[in-house]
Amino acid sequence: MTIETFDLALPHGITLSCRAAGRPGAPLLVFLHGFPEGAFVWDELLAHFAPRYRCIAPNLRGYERSSAPAGVEAYRAKHLVADIRALIEQQGGRAAALVAHDWGGAVAWGLAAAHPSLLERLVIVNSPHPATFLRELRDNPAQQAASAYMNFLCRPDAETLLAENDFARLWTFFERMGATDASRPGGGWLTQAVREQYREVWRRGLGGGCNYYRASPLRPPLKPDDAVMTLQLPAETVRVRVPTHVVWAEADTALPPALLDGLENFVPAMTLTRVPGANHWIVHERPAFVAAEIERALAA
């Protein structure tokens, strides 16, 4: 299956570089990646679903060849949601499913809460709902410690430090966030070919990805008056009524399973698959399993 690549110009002036497969006009599946990834991480899933669906995986703003506006303000949630809303509207106005991981999931939760008519269903892979994430960041020392890296990524020199020595610090993200075999960084999937795919994304710039962290108040507090300590998320603004299937790799050291506690209060039409032993990079580690979970959601 050939993966198409193209640049999609959106009405509000942002262009997203995209990877796609499947027949235009077929039911739409949209896939959103996380940090420090790129749209290529979904290639196996695009190929899997292409016989029946039009599959599009955009590089989020700030990544690869997508628009990378200057300034932190351009990476606030409302702008990220607006990008994906415009993409779906351009591609027919409704997605059979929005599939998202990590930061892509943060965008997807926001889109599903604010614009439910754009989605038939939502599939979330290891991406915390904002309400449970806020609770854990504020009240749970274990989550504060697990998310401490977020404050590093907010440093003004973060992108410079991440790029040093052939992106040495970035490779440790794959090794630390739940790798189960220290002799095989990334659990064996982080081959030289995959490393080069990552380098191609990272060489185009890391500032956009870091700006996601800088723009968000959802990070561990460093002092009592940090924004996360007083942030309020009214329930109606974060409630997701779209049918949602959550896949959670339980060996994710950055996002412990406590983030699932109480999730049903915000996502009433939810199904959940817990995956013992799988780590944060489950899309790389077990793509066939993730595809089967998406199939399950689509068949519900």
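**A pocket, a sheet and two cysteines**

The largest pocket is lined by 36 residues, and those nearest its centre are Ala77, Ala106, Pro130, Ser216 and Leu218. The model is a predicted one. The space in this pocket comes to about 830 Å³. Such space is found by rolling a probe the size of a water molecule over the atoms to show what is left empty.

Helices supply much of the description here. Those that give two or more residues to the lining of the largest pocket are H2 (77–90), H3 (103–114), H4 (130–139), H6 (149–153), H9 (207–215) and H10 (235–238). H3 gives the most, with seven residues. By chemical class, the lining of the largest pocket holds 26 nonpolar residues, seven polar and three charged.

Now turn to the sheet. Eight strands form an open sheet with mixed pairing, in the order E1-E2-E4-E3-E5-E6-E7-E8. Strand E1 (4–9) and strand E8 (270–275) stand at the edges. Each has a single partner strand, so one side of each is left without a neighbour in the sheet. On average, neighbouring strands are turned by 20° against each other, direction ignored.

Take the E8 edge. Strand E7 (residues 244–249) runs parallel to E8, and six bridges join the two. Ala249 stands opposite Val275 in E8.

Next, strand E4 (residues 54–58). It sits between E2 and E3 in the strand order. Strand E2 (residues 15–21) runs antiparallel to E4 and is joined to it by four bridges. In this pairing Ala21 stands opposite Cys55 in E4. Strand E3 (residues 28–32) runs parallel to E4, with three bridges between them. Here Val30 stands opposite Ile56 in E4.

How many of the residues of E4 are buried? Five of its five are. In a regular strand, side chains alternate between the two faces of the sheet. On one side of E4 lie Arg54, Ile56 and Pro58, and on the other Cys55 and Ala57; both faces are covered.

Cys55 leads to the last point. Its relative accessible area is 0%, so Cys55 counts as buried. Cys18 is buried too, with a relative accessible area of 1%. Why is there no bond between Cys18 and Cys55? The closest cysteine sulfur to that of Cys18 is in Cys55, and it is 13 Å away, too far for a bond. A disulfide needs the two sulfur atoms within 2.5 Å. From the side of Cys55, the nearest cysteine sulfur is that of Cys18, so Cys55 is in no disulfide either. A search of the whole structure finds zero disulfides.

How values were computed. Residues are numbered from 1 along each chain as its sequence is written. This is a predicted model: local features need pLDDT of at least 70, side-chain atom pairs count only at pLDDT 80 or more; totals for chains, interfaces and linings use all residues. Side-chain values use heavy atoms; hydrogens and water are left out. Buried means under 20% relative accessible area, exposed over 50%, partly exposed in between (1.4 Å probe, protein chains only). On a 1 Å grid over the protein atoms alone, a cavity is a set of points where a 1.4 Å probe fits but cannot get out, and a pocket is an open set with protein on both sides within 12 Å along at least five of seven lines; lining residues have an atom within 4 Å of a point. Grid points are joined across faces, edges and corners, and a volume is the space filled by probe spheres set on the points. Ala, Val, Leu, Ile, Met, Phe, Trp, Tyr, Cys and Pro count as nonpolar, Asp, Glu, Lys and Arg as charged, and the others, Gly among them, as polar. Two strands pair if DSSP finds at least two bridges between them. Axes are lines fitted to C-alpha atoms, for helices over the stretch in contact, and angles run from 0 to 180 degrees between N-to-C directions.
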